[in-house]
Amino acid sequence: MLTTTIWGFAFVAQSVGMDKIGPFTFQAVRCLLAVLFLAPCSLLFDKLGKRSFRDSMTRWRDPKLWKTGLICGLALFVAASLQQVGLVYTDAGKAGFITAMYIVLVPILGIFLKQKLPKTAIPSVAIAVIGLYLLSCMGVSEVNRGDIYLMLSALAFAVQIQCIGQLAQDMDGLRLNCVQCLIVSLLSAVFMGATETVIAGDILACWTSLLFAGILSMGVAYTMQIVAQKVLEPTTASLIMSLESVFAAIGGWAILHEQMTRWELLGASLVFGAVLLSQVPEGLFKVKTSG
């Protein structure tokens with residue numbers, strides 16, 4: 001929930017920051033800031049855990065860490081990049097709705113991975129989809145190529161969530177996120193150099209947005225996602241993360257003074273209710289019978 005809150009308010013930071021710099025520039029810098037934040041943090045936590053500096057460096061050389069970080073980083077780069085490109089052709093509200101469709105794709109991918117779905121998963125996803133439509137897409141009927149990019153983005157986000165759930169169970173979440181962010185930053189820098197004009201003054205002009213999106217969203221929140229998914233199955237995690245749209249709407253209302261309609265308020269309530277439903281223990285409503 002804390003992760004999702006940070007991600008939701010990060011939409012505000014991205015909205016403000018993207019007024020001055022291109023999407024790949026924003027992505028490259030924010031992920032670099034995350035790496036610069038996470039790397040020293042790993043050393044600090046190792047020191048607090050009474051680990052030697054040599055042991056700390058040895059953990060960085062773990063081949064599994066870099067292999068998993070590469071896989072998750074590639075999925076995250078594809079997802080975030082497709083989302084940014086899709087936003088060029090469609091409005092933010094519809095983008096939020098289509099991207100959040102990973103809550104449908106995650107359990108579908110889970111079926112192929114032979115994951116057992118909780119009994120509340122299907123009704124929770126259905127309610128959340130209705131809520132997300134009311135929150136982000138009410139009254140929108142036009143379909144364009146940006147929507148295709150966003151659907152592919154949703155699929156990539158679903159893959160990233162499943163990768164974390166499948167591969168990160170015994171991994172150091174902080175180090176894994178650091179490697180993941182490094183991969184995204186390097187790949188974004190390549191596309192930044194090929195497609196965008198980089199002006200240092202413009203980057204400095206949106207430093208507050210970059211710090212929030214880099215350190216809190218990429219650094220703190222994605223680390224907490226990895227840690228949380230060690231005890232949450234992917235479908236439940238994706239439902240909770242769909243609240244990102246709700247918190248983005250709240251952030252837009254509170255910070256950017258955007259107005260929320262009654263449909264958006266109803267949609268937000270439905271998404272929140274779906275998340276609560278997904279957390280209900282399966283045996284809660286079973287009626288005990290005496291023999």
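A salt bridge, as the term is used in these legends, is a side-chain nitrogen of Lys or Arg within 4 Å of a carboxyl oxygen of Asp or Glu. Keep that in mind for the first view, where R59 and D172 form such a bridge, with the closest N and O atoms 3.2 Å apart. The model is predicted, so local features need pLDDT of at least 70 and side-chain atom pairs count only at pLDDT 80 or more, while totals for chains, interfaces and linings use all residues. Residues are numbered from 1 along each chain as its sequence is written, and side-chain values use heavy atoms, with hydrogens and water left out.

**View 1. R59 and D172 join distant parts of the chain.** R59 sits in helix α3 (residues 53–60), and D172 belongs to the loop between α8 and α9 (173–195), 113 residues apart. Helices here are DSSP runs of H or I with at least four residues, strands are runs of E with at least two, and both are numbered from the N terminus. How well covered are the two partners? R59 is partly exposed, with a relative accessible area of 25%, and D172 is also partly exposed, at 23%. For these labels, buried means under 20% relative accessible area, exposed means over 50%, and partly exposed lies in between (1.4 Å probe, protein chains only).

**View 2. A network of salt bridges links six named residues: D46, R51, D55, R59, D172 and R175.** Start from D172, whose side chain meets that of R175 in a salt bridge (2.8 Å, N to O). R175 is buried, with a relative accessible area of 2%. Elsewhere in the network, the side chains of R51 and D46 meet at 3.4 Å, N to O. Which of these two is buried, and which is partly exposed? D46 counts as buried at 3% relative accessibility, whereas R51 is partly exposed at 38%. The structure holds seven salt bridges.

**View 3. The structure holds one cavity of 30 Å³ or more.** A cavity is a set of points, on a 1 Å grid over the protein atoms alone, where a 1.4 Å probe fits but cannot get out; lining residues have an atom within 4 Å of a point. About 390 Å³ of space lies in the largest cavity, where grid points are joined across faces, edges and corners and the volume is the space filled by probe spheres set on the points. How many residues line the largest cavity? There are 26, and W7, Q83, F157, Y222 and E244 lie nearest its centre. Elements giving two or more residues to this lining include α1 (2–17), α4 (63–89), α8 and α13 (244–254). By class, the lining has 14 nonpolar, 10 polar and two charged residues. Ala, Val, Leu, Ile, Met, Phe, Trp, Tyr, Cys and Pro count as nonpolar, Asp, Glu, Lys and Arg as charged, and the others, Gly among them, as polar.

**View 4. Helix α13 is largely enclosed by the rest of the structure, because eight of its 11 residues are buried.** The buried residues of α13 are E244, S245, V246, F247, A248, A249, G251 and G252. G252 has a relative accessible area of 2%. Its C-alpha atom and that of G8 are separated by 9.3 Å, although the two residues are 244 apart along the chain.

**View 5. I240 in helix α12 (residues 234–241).** Is I240 buried or exposed? I240 is buried, with a relative accessible area of 10%. The C-alpha atoms of I240 and T3 are separated by 9.4 Å, with their positions 237 residues apart along the chain.

**View 6. I148, L152, L155 and V159 make a nonpolar surface patch of about 320 Å².** Patches are made of residues with over 30% relative accessible area and no salt bridge; like charges are joined within 9 Å, and nonpolar side chains (Val, Leu, Ile, Met, Phe, Trp, Tyr) within 5 Å. Accessible areas come from the Shrake-Rupley method with a 1.4 Å probe, and for residues only the protein chains shown count as cover. V159 lies in helix α8 (residues 145–167) and is partly exposed, with a relative accessible area of 32%.

**View 7. The whole protein has 14 helices and zero strands.** Of its 291 residues, 49% count as buried.

Terms used. 1 Å grid on protein atoms, 1.4 Å probe; cavity = no way out; pocket = protein on both sides within 12 Å on 5 of 7 lines; lining within 4 Å.
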